[in-house]
Amino acid sequence: MAEEILKKISPEEKWAWTANTHTATLVIRGENTLAPLIGAEKYKEINTKIYGEGGKILFPMVKEAYNIPVEDAIGASILATVVGELTVGPGFEGETVEETPKRVVARTTKCPWMEKYKEYNVKPKYIPCVEGHEAWGDLGVKAVNPRLSFKMLKAMPKGDPYCEYVFEFE
């Protein structure tokens with residue numbers, strides 16, 4: 001019976017479920033389970049380390065798999081966008097507000113992570129995505145080009161209307 005049901009579900013729909021439950025599990029695991037057990041600061045420390053290490057591994061993998069040139073800030077921004085959607089799933093919306101080879105400033109106005117907090121009615125008390133995202137992006141771009149950096153400027157979890165971040169080529 002299960003096999004019959006699964007055969008009727010398209011690969012696209014299966015992967016949509018996978019991406020959805022992946023982000024939801026991480027949100028619920030952190031906010032409702034791990035952070036209350038070990039405390040907010042330890043939770044943020046662990047999460048930051050995990051995401052930083054993930055960025056160091058994933059950015060080079062995706063760069064190579066899709067032949068994305070990362071020779072300046074524009075390439076770094078493109079790579080981060082692709083890595084983000086491949087690892088979290090579709091659902092990001094945003095815009096680039098400044099774009100030169102030395103500096104790209106981009107904004108995310110809709111984020112799958114923030115949507116999961118709303119969808120699962122998780123009240124963000126310990127939300128570590130600013131530190132985690134910053135480590136993910138900075139260590140990720142440095143793994144493909146050590147002359148690049150990534151920094152969060154604004155963040156929805158901190159009450160800003162969007163997340164804003166900068167890629168810089170030094």
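**Exercise 1.** Find the residue with which Lys142 forms a salt bridge, and place the pair in the fold.

*Solution.* Lys142 forms a salt bridge with Asp138, and their closest N and O atoms are 3.0 Å apart. The term means a side-chain nitrogen of Lys or Arg within 4 Å of a carboxyl oxygen of Asp or Glu. Next, locate both residues. They sit in helix α6 (residues 129-144), four residues apart, about one turn of the helix. Helices (H or I, at least four residues) and strands (E, at least two) are DSSP runs, numbered from the N terminus. Now check accessibility. Asp138 is buried at 19% relative accessible area, whereas Lys142 is partly exposed at 33%. Buried means under 20% relative accessible area, exposed over 50%, partly exposed in between (1.4 Å probe, protein chains only).

This is a predicted model: local features need pLDDT of at least 70, side-chain atom pairs count only at pLDDT 80 or more, and totals for chains, interfaces and linings use all residues. Residues are numbered from 1 along each chain as its sequence is written, and side-chain values use heavy atoms, leaving out hydrogens and water.

**Exercise 2.** Work out which parts the Arg107 and Glu95 pair ties together.

*Solution.* Start with the contact: the closest N and O atoms of Arg107 and Glu95 are 3.9 Å apart, in a salt bridge. Arg107 lies in strand β2 (residues 103-110) and Glu95 in strand β1 (residues 93-99), so the pair ties together parts twelve residues apart in sequence. Arg107 is partly exposed at 23%; Glu95 is partly exposed at 41%.

**Exercise 3.** State how many salt bridges the whole structure holds, and name a network.

*Solution.* The search finds 13. Lys49, Glu53 and Lys56 are linked in a network of them.
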